[in-house]
Amino acid sequence: MPEQILVTRSSIPSLEEYVEEIKPIFESHWLTNMGVKHKQFQSELCRYLGVDNIELLTNGHMALELTLQAMNLQGEVITTPFTFASTTHAIIRNGLTPVFCDISPDDFTIDTSKLESLITDRTCAIMPVHVYGNICNIEEIERIAKKYELKVIYDAAHTFGETYKGKSTASFGDASCFSFHATKVFNSIEGGAACFRDKKIGEILYDLKNFGIHGTEEVSAVGANAKMNEFCAAMGICNLRHVDDEIAKRKLICEHYRERLSCVEGLRLNVIQENVKPNYAYFPVIFEEKMFGSSREEVFTKLAENNIIARKYFYPLTNTFSAFHGRFDVSQTPAALHISRRVLTLPIYADISIETVDKICDIVLSCKK
Ligand code: T4K
């Protein structure tokens, strides 16, 4: 059976490099609970991301969920439904109410022109998503948050290594949360991190990721267990050495896709944002059936018949999940609905070959009628 091409493939160091990195773990028998590798990874990340405050967590979801908890929020959080389940779940699992703002049809991030009309006296925070690594309208979000005294927690899961106007995406808002999942541009197998402005949030997060245990004899909060273990930290340390090269390789892949798929009627590629150094995390394509001649579903199926597994990130919208039993009104987010029904994210990863990209483009273009 021919090899399947999946939407992504984890970047990993050489086996020798990883073994070298984990040797001290075998020698010390210290496997988790904020060990040496955890501390080293934390400080190397601070340096790479250009921030002072960072807490490592088991995954990006716990970064979002515990950051919200650490801020002790109540009421409504304005967010978008064009995202992974995690963003919305983090809000709801904190007993908060998500209020869904529509997205901009251009870059798929929160439509800031609609934001203010959703603010009520119960609004406590905004949780915008830099979806696909597209950076939200930082200035406008900051202006609105300041005016209404709202917290801003960015879901920055897709933005590792990116900058906006030369500043790391880790430095925006009250907090920015990253995912280091295996499928991300940068991974620590499973992992995540919260970067935050106020040092106090870090102290609370440190306790919350360890059951709320404070010191040795006090449990001061109802925390979770979300500590990054030493093997994940070691993988993160290794991958951090290579992440810039990985992003450079992705850039070439992305450019090749763009060369092949630009200027095709009915097919829209992701925006190139001004002032952003991108990481090429995803390669979303919007298929407008009326102009392209084939629907997103048809292209998806055609690719799958050829062992190419593209993904419909992010379909369905989170505000339509059956888990929420019709609690949210999807007609409030028409642009998000439109995009989610037409988007396909094509395979992109550092080591995908140009020949494979050509094959994918040939199949996509063969669907044009
Ligand atoms: N916020 C946003 C905006 C997010 O996108 C995510 C996660 C989060 C928050 C939460 O962060 P984490 O708690 O996950 O750290 C994947 C990932 O599991 C998830 O991390 C990611 N977003 C989401 C967009 O994609 P699935 O269910 O699509 O993954 P899966 O298992 O189908 O894998 C996709 C492809 O990746 C596979 O076809 C092959 C490749 N792969 C996968 C794994 C597991 C590898 O190459 N190696 C691997 O180990 O959710």
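Here's a quick briefing on the salt bridges and one small sheet in this structure. Keep in mind that the model is predicted. In total, 20 salt bridges turn up in the structure, and a few of them get a closer look below. After that comes an open sheet of 3 strands.

**Arg 241 and its partners**

- Arg 241 pairs up with Glu 17 in a salt bridge, with 2.6 Å between the closest N and O atoms.
- Arg 241 belongs to helix α8 (residues 230-261) while Glu 17 sits in helix α1 (residues 15-28), so this salt bridge ties together parts that are 224 residues apart in sequence.
- The pair doesn't stand alone: a network of salt bridges links Glu 17, Glu 21, Lys 37 and Arg 241.
- As for solvent, Arg 241 has a relative accessible area of 46%, so it counts as partly exposed.

**Arg 143 and two glutamates**

- Arg 143 makes a salt bridge with Glu 116, at 3.1 Å from N to O.
- Here Arg 143 comes from helix α6 (residues 138-148) and Glu 116 from the loop between α5 (112-115) and β4 (123-127), so the contact ties together parts that are 27 residues apart in sequence.
- Arg 143 also meets Glu 140 in a salt bridge, this one at 2.8 Å from N to O.
- That second contact stays inside one helix: Arg 143 and Glu 140 are both in α6, 3 residues apart, or about one turn of the helix.
- How accessible is Arg 143? Its relative accessible area is 37%, which makes it partly exposed.
- Glu 116 is partly exposed too, with a relative accessible area of 25%.
- Glu 140 comes in at 23% relative accessibility; the cut-off for buried is under 20%, so Glu 140 counts as partly exposed.

**The sheet around β6**

- Which order do the strands of this open sheet follow? Reading across, they run β7-β6-β13, and the pairing is antiparallel.
- The edge strands are β7 (167-168) and β13 (276-277), each of which pairs on one side only.
- Strand β6 (residues 163-164) pairs with β7 in the antiparallel sense, over 2 bridges.
- Zooming in on individual residues, Tyr 164 has Lys 167 in β7 as its bridge partner.
- As background, strands of a sheet pair through backbone hydrogen bonds, in either a parallel or an antiparallel way.

Notes. Residues numbered from 1 in each chain as written. Predicted model: local features only at pLDDT ≥ 70, side-chain atom pairs only at ≥ 80, totals over all residues. Heavy atoms only, no water. Salt bridge = Lys/Arg side-chain N within 4 Å of Asp/Glu carboxyl O. Helix = DSSP H or I, 4+ residues; strand = E, 2+ residues; numbered from the N terminus. Buried < 20%, exposed > 50% of the residue type's maximum accessible area, 1.4 Å probe, protein only. Pairing = 2+ DSSP bridges.
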